[in-house]
Amino acid sequence: MLFLRLFFGLFMVLCTQGYASKDYDDRIKTALALDTSSTGASTTLDGRLFLILPHVDGTTGPKIVEVVGSNHTIVPYPNAEWNSWNASTDSATDAGVKYVSTNAQRVGPDGNLWVVDSGIPGQFLNSSKLVSFNLTTNELDRIYYLGDVATKDGLLNDVRFNGKFAYLTEYAIGSIIVLDLETGDARMVLQKDKSTVAVMPHSANGQFLISATTGQPQYIHADHLEVSPDGKYFYYQPGSGYMWRIETKYLDGALYNETTAGLLSTYTKPFSLTPATGGTAIDAMGNIYYSDTDRREIRYVAPNRTTTLLTRDSRLEWVDAMWVDNRQLLWMCASQLNRGDRFMQPNNQSNTITKPIYVYTIDIRINPSPIDHA
């Protein structure tokens, strides 16, 4: 009997190791095949699907789109006008009512579609904004102009919600922006803090990313973010990893209190030794999923800091912002962002993206966080 127990234990260890070294996971299903990269999908309760298209492969076209019908037709959202920015001919006024440099889109807890536009704040102040669209009417609901808050050097990255507050990461300086959705008041906090500044350049497939613009290693500061299902904790990290958390009561209090804002660094706590990460998502149990851009893995860290491998697959080339839908599927856009024209490629190629580009799903058997989205 002892021999059998030892054999069974060894068998389980070998099975686990074998799974962890797999190059293909048949649980992963293809949801979409695209001719351009997507860095994030989001869905509504009634099955509408939205994508952000960064066009890092030399293609042009709309940045925020809806996928319509069984043939997966790509339609500009909310219309072509919002997606028509032209840097050569458009004005400062146009920059306030068009997508200039979109970084994120997601369906919010209110059922609206929210778009983060980092814009060009040094040139067009009102281009840096958070935009909300009513998905019932498909009309503009509200624009929060954040250029004064982000400053000319800051670049908005992504957003999460917690009641009347929204939190945004800002990745050029390294900071968090707290926004009151009712009043529109906002404040930048934790500027250049140890928790918001990347200590290493971002990497993918074991190589540091080199900016095609500067020729220097690419540092991505405050990037990924999630809010716990009970609204108590805010989790965040630079692109190169090391996740932190802070209680949301301190962030919320800092919006209107200069003293609290100045003390925020003392309330930040290290949470998890995450690696270079492409994107995150959170489920109803508070598990935070993150993509490892070096190992092509998806792992999740539980509220007690235990980390578990969900999947490893060679197809998961730079999975960016992830999404948990109401069917308990985790959406994974394998964007190949590291192969795009933002970074230097071998032999001076403009990009090495392989097409088609896929959006995948995997069944995680857990619902989305109830405060993350409708």
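**Notes on the cavities, pockets and one sheet**

1. Searching the whole structure turns up 2 cavities of 30 Å³ or more. Keep in mind that this is a predicted model.

2. Start with the largest cavity, at about 80 Å³. Its lining includes Thr39, Gly40, Ile52, Ala104, Gln105, Arg106, Asp158, Arg160 and Trp323. Strands E6 and E10 each put in at least two of the lining residues, and E6 gives the most, with 3. By class, the lining splits into 6 nonpolar, 3 polar and 3 charged residues.

3. The second largest cavity holds about 40 Å³ of space. Among the residues lining this one are Arg106, Arg160, Glu226, Met322, Trp323 and Asp372. Here E20 has the largest share, 3 residues; E20 and strand E24 (323-324) each supply at least two. The class count is 5 nonpolar, 1 polar and 4 charged.

4. On to the pockets. The largest pocket has a volume of about 770 Å³. It has 34 lining residues, and those nearest its centre are Asn103, Asn157, Tyr171, Leu337 and Arg342. Two or more lining residues come from each of strands E6 (102-107), E10 (156-162), E16 (222-227) and E20 (277-282). As for chemistry, you get 14 nonpolar, 13 polar and 7 charged residues in that lining.

5. The second largest pocket comes in at about 250 Å³. Of its 13 lining residues, Gln207, Asn338, Met344, Gln345 and Pro346 sit closest to the centre. This lining has 6 nonpolar, 5 polar and 2 charged residues.

6. Strand E6 also belongs to an open sheet of 4 strands, ordered E6-E7-E8-E9 with antiparallel pairing. Why do E6 and strand E9 (139-145) each have one side without a neighbour in the sheet? Both stand at the edges with a single partner strand, so one side of each stays free of a neighbour there. On average, neighbouring strands in this sheet are turned by 15° against each other, ignoring direction.

7. Looking at the E6 pairing itself, its antiparallel match with strand E7 (residues 113-117) runs over 5 bridges. One of the residues involved is Thr102, whose bridge partner in E7 is Asp117.

8. Last, a look at Glu297, in strand E22 (residues 297-301). Is Glu297 buried or exposed? Its relative accessibility is 1%, and buried means under 20%, so Glu297 counts as buried. The side chain of Glu297 makes a polar contact of 2.8 Å with that of Arg299.

Methods:
Residues numbered from 1 in each chain as written. Predicted model: local features only at pLDDT ≥ 70, side-chain atom pairs only at ≥ 80, totals over all residues. Heavy atoms only, no water. 1 Å grid on protein atoms, 1.4 Å probe; cavity = no way out; pocket = protein on both sides within 12 Å on 5 of 7 lines; lining within 4 Å. Points joined across faces, edges and corners; volume = space filled by probe spheres on them. Nonpolar A, V, L, I, M, F, W, Y, C, P; charged D, E, K, R; others polar. Pairing = 2+ DSSP bridges. Axes fitted to C-alpha atoms, helices over the stretch in contact; angles between N-to-C directions. Buried < 20%, exposed > 50% of the residue type's maximum accessible area, 1.4 Å probe, protein only. Polar contact = N/O pair within 3.5 Å; in protein donor to acceptor, adjacent residues only side chain to side chain.
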